[in-house]
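Dear colleague,

I am handing over the structure we spoke about, and I would be glad if you could look through it alongside the notes below.

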Amino acid sequence: MKVSDKLARMTRRDLFKVAGSYGMSSTLLAAGTFGGAMTVAELAKAAESTYEKRFAKEAKHVLKFGAAGFNQRNLLIERAGCLEFARDLESRTDGEIRVEFIGDNQICGQLSCVEKAQQGIIDIYAASTQNSAGGAPYLNVLDYAYMFRNRADQYHFLYSPESQRILREPFEKRHGLKFLFSHAELRGIQMGLAWEDRPTITKLEEIFGTKNRVTGTQLGRIAMQALNLNPVPIAWEETLDGLKQGLIDGAETWASAVAY
């Protein structure tokens, strides 16, 4: 079943109506547990149950989770594990820790989440390492060309003991942040609708000279400049408008991000 089918009965108004009664975090955590289509009544029942479990006792610690543009809908496409992490943390601590999930760019965006975490405005954040490299430059080490052959390479490194010495400890020492987890997805160039009726791109030379959105990563910009792909720094939330208006021809991003 497609994600659009699962959520076909839900509207943004329905979501906020339920959230008005049980809170956005409880509603989003409940919505993330559904594997199929849900009605408003089903979501409300699940949100009520989640709310009662989360507030059965007073939490000793409440953590703000700034999730950039993530929400319960696009997290069904881009399986970043944000909601699952929040549920697991609350469950493992038996309610001693409560996580307030704040997505949809309400408290921070892809470029600002890292800085707000460093400032203590939020306790946890979710954003791409490429965008976060603007505020935490050590993350640029993840973008050396050809370092990861595939997603399996990424998983192997990010969850191996070696990543503690090479990535996590230097990252924490330099920027005061802890690297928790990643869904390990490779990035690529996705072209806009102006290319829809053109022949399939099979050679890099075919897009030489095009203008392409790039994130905050320094190495990504250097590589794209060297490949004659004219990197244009644009925030993710502005990328779609840039493609529609013809300001850029394509965008460097995750394939799953394109789906939403």
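What follows is a short account of the salt bridges and of one surface patch.

Please keep in mind throughout that this is a predicted model.

Salt bridges

A search over the whole structure returns 7 salt bridges, and I describe three pairs here, among them one that involves K60 and E96. As background, side chains of opposite charge can pair when their charged atoms come close.

In the pair formed by K60 and E96, the closest N and O atoms are 3.6 Å apart. Because K60 belongs to the loop between α4 (40-54) and β1 (61-66), while E96 belongs to the loop between α5 (82-92) and β2 (97-102), this salt bridge ties together parts that are 36 residues apart in sequence. With a relative accessible area of 64%, K60 is exposed, whereas E96, at 24% relative accessibility, counts as partly exposed, since the partly exposed class runs from 20% to 50%.

A second salt bridge joins the side chains of R87 and E84, with an N to O distance of 4.0 Å, a value to read with care because the criterion asks for a side-chain nitrogen within 4 Å of a carboxyl oxygen. Both residues sit in helix α5, where their spacing of 3 residues separates them by about one helical turn. R87 counts as partly exposed at 24% relative accessibility, and E84 is likewise partly exposed, with a relative accessible area of 38%.

The third pair is E252 with R187, whose closest N and O atoms are 2.5 Å apart. This salt bridge links distant parts of the chain, with E252 in strand β7 (residues 250-254) and R187 in strand β4, 65 residues apart. Is E252 buried or exposed? At 12% relative accessibility E252 counts as buried, because the buried class covers values under 20%, while its partner R187, at 22% relative accessibility, counts as partly exposed.

A nonpolar patch

Turning from charged to nonpolar side chains, L204, F208 and L227 make a nonpolar surface patch of about 230 Å². Of these residues, L204 is placed in the loop between β4 (187-191) and β5 (212-214). L204 has a relative accessibility of 34% and therefore counts as partly exposed, and this value also fits the requirement that patch residues have over 30% relative accessible area.

With best regards

Notes: Residues numbered from 1 in each chain as written. Predicted model: local features only at pLDDT ≥ 70, side-chain atom pairs only at ≥ 80, totals over all residues. Heavy atoms only, no water. Patch = residues over 30% accessible without salt bridge, like charges linked within 9 Å, V, L, I, M, F, W, Y side chains within 5 Å. Areas by Shrake-Rupley, 256 points an atom, 1.4 Å probe, with all protein chains shown as cover. Helix = DSSP H or I, 4+ residues; strand = E, 2+ residues; numbered from the N terminus. Buried < 20%, exposed > 50% of the residue type's maximum accessible area, 1.4 Å probe, protein only.
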